[in-house]
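Work through the exercises below with the sequence and the coordinates at hand, and try each task before reading its solution.

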Amino acid sequence: MWNWVHRLFFGPKGGGVELSYSKVKSYLECPWLYKILYVDLKRRAPTAPSSLGQSIHRTLEAYHREDADSLERLLEFYDEYWVHAGFASAQDQMIYYARGKKMLERYWELDQSRKSKIVFVEKEFEFPLGPHTVRGIMDRVDLSPEGKYHVIDYKTQQEILEEKDLSQNLQLGLYGMALREALGFVPGILSLFFLAHGKVVSIAYDPSREKRVRGILLDVGARISRREFKPDPRHCPRCDFRKTCQYSTAKD
Ligand code: SF4
């Protein structure tokens with residue numbers, strides 16, 4: 001009870017902060033961006049790609065929670081959970097809707113030959129790290145017929161990563177750590193599922209990579225605790241706040 005009350009009013013104990021993959025990613029892109037999002041609590045305006053991503057994630061969550069298996073049901077959920085915000089025009093929305101539908105049709109086809117059992121969808125986790133608390137949500141965790149736990153994160157972006165890039169992937173590293181630390185299961189495989197390509201890119205879990213992930217999280221946590229929010233203009237051209245941020249070098 002005390003822990004809950006303490007966290008509500010003061011955050012994690014001992015000068016720690018609450019960390020998540022999104023928070024750490026924002027901080028690493030630009031510490032001032034982190035401040036805008038998580039200290040000043042300004043919200044990003046919805047965009048066509050973010051609404052498509054949300055629609056697909058909600059659809060797959062509902063589909064697997066129901067343990068449904070027909071394409072019709074999957075597309076019913078898609079209509080139900082479609083997010084209408086963030087599109088430049090009705091035509092733009094139709095283009096994105098069709099793109100998402102294609103992703104789901106491809107996903108359904110691949111899912112028909114799935115041998116693994118889904119054990120978690122949209123699974124929340126929380127674990128302590130030094131003075132900090134790490135929280136997040138995993139899209140999916142499967143158990144393979146060989147008894148290996150498989151962490152899967154869905155991606156709706158067009159860009160695709162290769163297997164060689166995944167050993168340094170912070171999100172997968174953090175989720176692998178979370179499965180072990182918060183849920184008590186040893187991960188076997190970590191994957192990104194690129195839905196636009198119907199392609200799963202995987203690496204085997206390697207506990208020796210956790211040292212690096214832990215180091216990044218502790219470093220970012222310490223800098224946030226010290227309220228170090230120096231703007232990093234290298235990220236300005238890709239930043240959602242580039243038009244309004246006082247430090248933006250990409251306002252035009
Ligand atoms: S516009 Fe530039 S300086 Fe401002 S928050 Fe974004 S990346 Fe940081």
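**Exercise 1.** Establish in which sense strand 1 and strand 3 pair, and over how many bridges.

*Solution.* In this predicted model, strand 1 covers residues 18-19 and strand 3 covers residues 132-143, and the two pair in the parallel sense over 2 bridges. To place the pairing in the sequence, take Leu19, whose bridge partner in strand 3 is Val134.

**Exercise 2.** Trace how strand 3 is joined to strand 2 and to strand 4, and find the glycine with positive phi in each hairpin.

*Solution.* Begin with strand 2 (residues 117-129), which runs antiparallel to strand 3 and is joined to it by 11 bridges; within this pairing, Phe125 stands opposite Gly136 of strand 3. The two strands form a hairpin with 2 residues between them, and in its turn Gly130 has a positive phi of about 55 degrees.

Turn next to strand 4 (residues 149-155), which is likewise antiparallel to strand 3, here through 4 bridges, with His150 in strand 4 as the bridge partner of Asp142. The hairpin of strand 3 and strand 4 has 5 residues between the strands, and Gly147 takes a positive phi near 85 degrees there.

**Exercise 3.** Two residues other than glycine, Leu41 and Glu122, have positive phi; where does each lie, and is each of them buried, partly exposed or exposed?

*Solution.* For Leu41, phi is near 55 degrees, and the residue is placed in the loop between helix 3 (31-39) and helix 4 (48-65). Leu41 has 7 other C-beta atoms within 10 Å, and since a residue with 12 or fewer counts as exposed, Leu41 is exposed.

For Glu122, phi is about 45 degrees, and its place is in strand 2 rather than in a loop. Glu122 has 15 C-beta neighbours inside 10 Å, and therefore counts as partly exposed.

**Exercise 4.** Describe the overall fold, and decide how its radius of gyration compares with the globule rule for 252 residues.

*Solution.* The secondary structure of the protein comes to 9 helices and 6 strands. The radius of gyration is 19 Å, close to the 18 Å that the globule rule gives for 252 residues, so the protein is as compact as a globular protein of that length. Along its principal axes, the C-alpha trace spans about 50 × 50 × 40 Å. Among contacts between residues at least 6 apart in sequence, 65% join residues at least 24 apart, and 27% of the 252 residues count as buried.

**Exercise 5.** Identify the residues that touch the most other members of the largest nonpolar core, and list the contacts of Val151 beyond its neighbours within four places in sequence.

*Solution.* The largest nonpolar core has 46 residues, of which Val151, Tyr175 and Ala178 touch the most other members. Helix 8 (residues 170-181) gives the most to this core, with 6 residues. Once neighbours within four places in sequence are left aside, Val151 is in contact with Met138, Val141, Leu172, Tyr175, Gly176, Leu179, Pro187, Leu190 and Ser191. As background, nonpolar side chains tend to be buried together in soluble globular proteins.

**Exercise 6.** Which residues come nearest to the ligand, and how does the shell around the ligand divide by class?

*Solution.* Of the 15 residues around the ligand, those that come nearest are Cys30, Cys236, Cys239, Cys245 and Ser248. Divided by class, the shell has 11 nonpolar, 2 polar and 2 charged residues.

Definitions and conventions. Residues numbered from 1 in each chain as written. Predicted model: local features only at pLDDT ≥ 70, side-chain atom pairs only at ≥ 80, totals over all residues. Near = placed C-beta within 6 Å. Nonpolar A, V, L, I, M, F, W, Y, C, P; charged D, E, K, R; others polar. Pairing = 2+ DSSP bridges. Rg over C-alpha atoms; globule rule 2.2 N^0.38 Å. Buried ≥ 20, exposed ≤ 12 C-beta atoms within 10 Å, placed from the backbone. Contact = placed C-beta atoms within 7 Å. Core = buried A, V, L, I, M, F, W, Y, C linked by C-beta atoms within 7 Å.
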